[in-house]
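Good morning, everyone. I have one chain to show you today. Let me put it on the screen.

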Amino acid sequence: MNDQHQILINELIKLLEGGGAHATLKDALSDLPANLRGVKPNNLPYSIWQLAEHIRIAQWDMLEFSKDGSHQSPKWPDNYWPKEAEPADDAAWDKTIAQINADRDEFITLLKSADIYEKIPHGDGQSILREALQMADHTSYHTSEIILLRRLLGAWKS
């Protein structure tokens with residue numbers, strides 16, 4: 001692998017993991033009081049739980065699409081967003097966060113081992129590179145929304 005390719009892989013991993021000058025998803029969810037997970041402040045259409053679960057579903061879908069030609073994506077947009085505003089319990093919350101982390105790590109393994117430029121055979125032009133950029137962009141966008149909700153709820157560090 002040439003140096004420029006390895007630099008690109010490393011930068012994609014940084015994008016997927018978040019950080020640098022921006023808060024990570026882990027930062028955005030850290031120390032969130034459980035009673036605020038399902039609150040929809042100021043008439044916003046979603047809660048932090050719904051955003052976290054949406055990140056999980058979309059990231060899982062991108063991962064599975066990238067590796068499995070028989071994968072069937074959920075119906076858009078209905079099945080990409082949970083209907084309930086809050087998790088059923090702490091275990092449901094913990095499971096969602098654990099799956100986000102595990103799926104991201106699995107995608108990073110795929111990113112390191114695949115030809116990132118090659119078209120995914122069962123896609124319509126997607127590549128691992130394109131999926132990595134989409135996954136990073138999507139997670140980053142919703143991470144900022146989580147931080148905004150926490151600010152509105154008075155539960156973000158200053």
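First, a term. By helix I mean a DSSP run of H or I, at least four residues, with numbering from the N terminus. Note too that this is a predicted model.

Now the fold. From the N terminus on, the elements read α-α-α-α-α. That gives five helices and zero strands. The radius of gyration is 16 Å, and the globule rule gives 15 Å for 158 residues, so the protein is as compact as a globular protein of that length. The C-alpha trace spans about 45 × 35 × 25 Å along its principal axes.

Next, contacts. Take the pairs at least 6 apart in sequence: 75% of those contacts join residues at least 24 apart.

What about burial and surface? Of the 158 residues, 44% are buried. The accessible surface is about 9,000 Å², and carbon and sulfur atoms hold 50% of that. On charge, we have 16 positive and 24 negative. Their mean positions lie 4 Å apart.

Let's go inside. Which residues touch the most other members of the largest nonpolar core? They are Leu-12, Leu-16, Phe-107, Leu-111, Ile-116, Ile-128 and Ala-132, out of 21 residues in that core. Four helices each supply at least two residues to this core: H1 (3–17), H3 (48–67), H4 (90–113) and H5 (128–152).

Look at Ile-116 in that set. Leave out residues up to four places away in sequence. Ile-116 then touches His-5, Leu-8, Ile-9 and Leu-12. Its other partners are Leu-111, Ser-127, Ile-128 and Leu-129.

There is also a second core, separate from that one, with 19 residues. Its members include Leu-32, Ile-55, Ile-147 and Ala-155.

Last stop: His-122. Where is His-122 found? In the loop between H4 and H5. Is His-122 buried, partly exposed or exposed? Buried means under 20% relative accessible area and exposed means over 50%. His-122 has 30% relative accessibility, so it counts as partly exposed.

What does His-122 touch, beyond residues up to four places away in sequence? Phe-65, Asp-68 and Gly-69. Now compare a distant position. Gly-38 is 84 residues from His-122 along the chain, and their C-alpha atoms are separated by 37 Å.

To recap: five helices, zero strands. A largest nonpolar core of 21 residues, and a separate one of 19. And His-122, in the loop between H4 and H5. Over to you for discussion.

Notes
Residues numbered from 1 in each chain as written. Predicted model: local features only at pLDDT ≥ 70, side-chain atom pairs only at ≥ 80, totals over all residues. Heavy atoms only, no water. Rg over C-alpha atoms; globule rule 2.2 N^0.38 Å. Buried < 20%, exposed > 50% of the residue type's maximum accessible area, 1.4 Å probe, protein only. Contact = heavy atoms within 4.5 Å. Areas by Shrake-Rupley, 256 points an atom, 1.4 Å probe, with all protein chains shown as cover. Lys, Arg positive; Asp, Glu negative; His and termini not counted. Charge placed at Lys NZ, Arg CZ, Asp CG, Glu CD. Core = buried A, V, L, I, M, F, W, Y, C linked by side-chain atoms within 4.5 Å.
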